[in-house]
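Have the sequence and the 3D view open together while reading. The text goes from the whole chain to single residues.

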Amino acid sequence: MDYDKMADELLTLAAKYRANDLNRHINDAIHGEHMILGLVYHSEGIAPGELAVKMNASTAYIAKLLRNMEEKGLLIRTTDPSDRRRTLITLTEKGREKSKQDISFIHNRVKEMLEYLGEEDAENFIRILRKFSKLDCEQH
């Protein structure tokens, strides 16, 4: 089996996949402000440092995003009552609504993609993604 040739084809297909408008929306939703909205929605009262770790991003990048999102009225920063040195992030009502919209949008797009694949291919795709998700943990 020629894994070099297969790797080249996979990279070419991945580039085409990322360029697709539908997939661009999904990619946007798992990065930046959309990602923060989702993480805070599911973990109200999360610290900025925890967001940086979960997003594999620098604290400076997270601070910039949080500042922009606070200006838009999507979230607020409060002092942790149990440790006054820590800041906690919570969503405003506007932020919760935006997060719900994002989650619904992405869920529907992914559902459409899986339906396009059909039952057997969708199950195989999920099976392969599960295997890939374990790869990093097993290798390091």
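What follows describes the fold first, then the charged pairs, then one buried residue and a patch on the surface.

The model is predicted. Begin with the protein chain as a whole: seven helices and two strands make up its regular elements. Followed along the sequence, these elements come in the order α-α-α-α-α-β-β-α-α. The two strands therefore sit between the fifth helix and the last two helices in this order, where the rule is that elements are numbered from the N terminus.

Next, consider how much of the chain is covered. The chain has 140 residues, and 24% of them count as buried. The protein chain exposes about 10400 Å². Carbon and sulfur atoms supply 55% of that area. Contacts tell how the chain is folded onto itself. Among the contacts in the protein chain with a separation of 6 or more, 49% are between residues 24 or more positions apart.

Now turn to the charged side chains. Side chains of opposite charge can pair when their charged atoms come close. The count of salt bridges in this model comes to eight. One of them joins the side chains of E33 and K72, with a distance of 2.9 Å from N to O. E33 belongs to helix α3 (residues 32-42), while K72 lies in the loop between α5 (59-71) and β1 (75-80), so this pair ties together parts that are 39 residues apart in sequence. K72 has a relative accessible area of 43%, so it is partly exposed.

Another salt bridge is made by the side chains of R86 and D80, at 3.5 Å from N to O. What is the state of each partner, buried or exposed? D80 counts as buried because its relative accessibility is 8%, and buried means under 20%. R86 has 33% relative accessibility and so counts as partly exposed. R86 and D80 are also linked with E50 in a network of salt bridges.

A further pair is R85 and D83, whose side chains meet in a salt bridge of 3.0 Å from N to O. R85 is exposed, because its relative accessible area is 76% and exposed means over 50%. D83 counts as partly exposed, at 22% relative accessibility.

Leave the salt bridges and look at helix α6, where D102 has its place. Is D102 buried or exposed? With 12% relative accessibility, D102 counts as buried. Which residues does D102 touch, not counting residues up to four places away in sequence? The answer is H34 and L37.

Finally, look at the surface. Y116, L117, F125, I126, I128, L129, F132 and L135 form a nonpolar patch there. Together, these residues have about 770 Å² of accessible area. Where in the chain do the residues of the nonpolar patch come from? Helices α6 (93-117) and α7 (119-139) each supply at least two of them. Helix α7 gives the most, with six residues. One residue of the patch, L135, lies in helix α7. L135 has a relative accessible area of 37% and is therefore partly exposed. Patches are made of residues with over 30% relative accessible area, so L135 passes that cut-off.

Terms used
Residues numbered from 1 in each chain as written. Predicted model: local features only at pLDDT ≥ 70, side-chain atom pairs only at ≥ 80, totals over all residues. Heavy atoms only, no water. Patch = residues over 30% accessible without salt bridge, like charges linked within 9 Å, V, L, I, M, F, W, Y side chains within 5 Å. Areas by Shrake-Rupley, 256 points an atom, 1.4 Å probe, with all protein chains shown as cover. Salt bridge = Lys/Arg side-chain N within 4 Å of Asp/Glu carboxyl O. Helix = DSSP H or I, 4+ residues; strand = E, 2+ residues; numbered from the N terminus. Buried < 20%, exposed > 50% of the residue type's maximum accessible area, 1.4 Å probe, protein only. Contact = heavy atoms within 4.5 Å.
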